[in-house]
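Reader: I have a structure to get through and no idea where to begin. Can we go over it together?

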Amino acid sequence: MVYILLAPGFEEAEALVPADLLRRAGIETALVSLGGGAVAGGHQIAVQADMTLDQADLDRAEMVVLPGGGTGVENLGREPAVEKLVREAVKRKLWVAAICAAPTLLGRWGLLEGRGAVCYPGLEDKLSGAQVAREQDVAVDGKIITGRAAGAAFAFGLALVEALAGREEAQRVRRAVCYG
């Protein structure tokens, strides 16, 4: 199971493109709200969550994904249960992925120490302890995957598919959506 966390103000493309690609690869994926119901993204596109954060079960999880969007990331960062979930996922050696402004949360929580990472341009100083890979759209280092911004949503989503289902499946999905 992949849990994609949605907070009000999330960047829609950074949540929905990866969710779509993961589901095309047959990977069980849930959109998770902080409080239930529909969540309005940064461009006021309301997305119906599959479950709430308190229903997320790391015993079933393979990956936790944090989409970006300035307001969405601020809202994720204000919720102690999000940090607790992500820290526990790292402790259990599950995959953790973040895109755009969301990698700054991983930096704030000390989870990027010595790792290669990318984020939205201009926020690199908030990737505490990371080795910033400025020219990449996606960085994979150990079980941490980071992505640059909404324009990298397809590359990011395909990196998630590859991490969980292998390169061949990621290539199959890439071809199916006519990406690159």
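Reader: Is Asp-59 buried or exposed?
Author: This is a predicted model, and in it Asp-59 has 63% relative accessibility. Asp-59 counts as exposed because the cut-off for that is over 50%.

Reader: What does the side chain of Asp-59 meet in a salt bridge?
Author: The side chain of Arg-92, at 2.7 Å from N to O. Arg-92 is in the loop between helix 3 (80–91) and strand 7, while Asp-59 is in the loop between strand 5 and strand 6 (63–66), so the pair ties together parts 33 residues apart in sequence.

Reader: And Arg-92, how accessible is that one?
Author: Its relative accessibility is 37%, so Arg-92 counts as partly exposed.

Reader: Which residues are joined with Arg-92 into one network?
Author: Asp-59 and Glu-88, through salt bridges that share partners.

Reader: How many salt bridges does the structure hold?
Author: There are 11. One of them is between Asp-20 and Arg-24, with N to O at 2.5 Å.

Reader: Where do Asp-20 and Arg-24 lie?
Author: Both are in helix 1, four residues apart, which is about one turn of the helix. Asp-20 is partly exposed at 34% relative accessible area, and Arg-24 is partly exposed at 44%.

Reader: What about Arg-172, which residue does it form a salt bridge with?
Author: Glu-169, with the closest N and O atoms 2.6 Å apart. The two residues are in helix 6 (residues 167–176), and because they are three residues apart, about one helical turn separates them.

Reader: Is Glu-169 buried or exposed?
Author: Glu-169 counts as buried, at 18% relative accessibility. Its partner Arg-172 is partly exposed, with 35%.

Reader: Different topic: the sheet. In what order do the strands come?
Author: The order is 5-2-1-6-7-11-10, seven strands in an open sheet with mixed pairing. Strand 5 (51–52) and strand 10 (138–141) are the edge strands, each pairing on one side only.

Reader: What holds paired strands together, in general?
Author: Backbone hydrogen bonds, with the strands either parallel or antiparallel.

Reader: And strand 10 with strand 11, parallel or antiparallel?
Author: Antiparallel, with four bridges joining strand 10 to strand 11 (residues 144–147). Ala-139 stands opposite Thr-146 in strand 11.

Reader: Which strands does helix 1 touch?
Author: Helix 1 (residues 12–24) packs on the sheet and touches strand 1 (2–6), strand 2 (29–33) and strand 7 (95–99). The direction of helix 1 makes about 155° with that of strand 2.

Technical notes:
Residues numbered from 1 in each chain as written. Predicted model: local features only at pLDDT ≥ 70, side-chain atom pairs only at ≥ 80, totals over all residues. Heavy atoms only, no water. Pairing = 2+ DSSP bridges. Contact = heavy atoms within 4.5 Å. Axes fitted to C-alpha atoms, helices over the stretch in contact; angles between N-to-C directions. Salt bridge = Lys/Arg side-chain N within 4 Å of Asp/Glu carboxyl O. Buried < 20%, exposed > 50% of the residue type's maximum accessible area, 1.4 Å probe, protein only.
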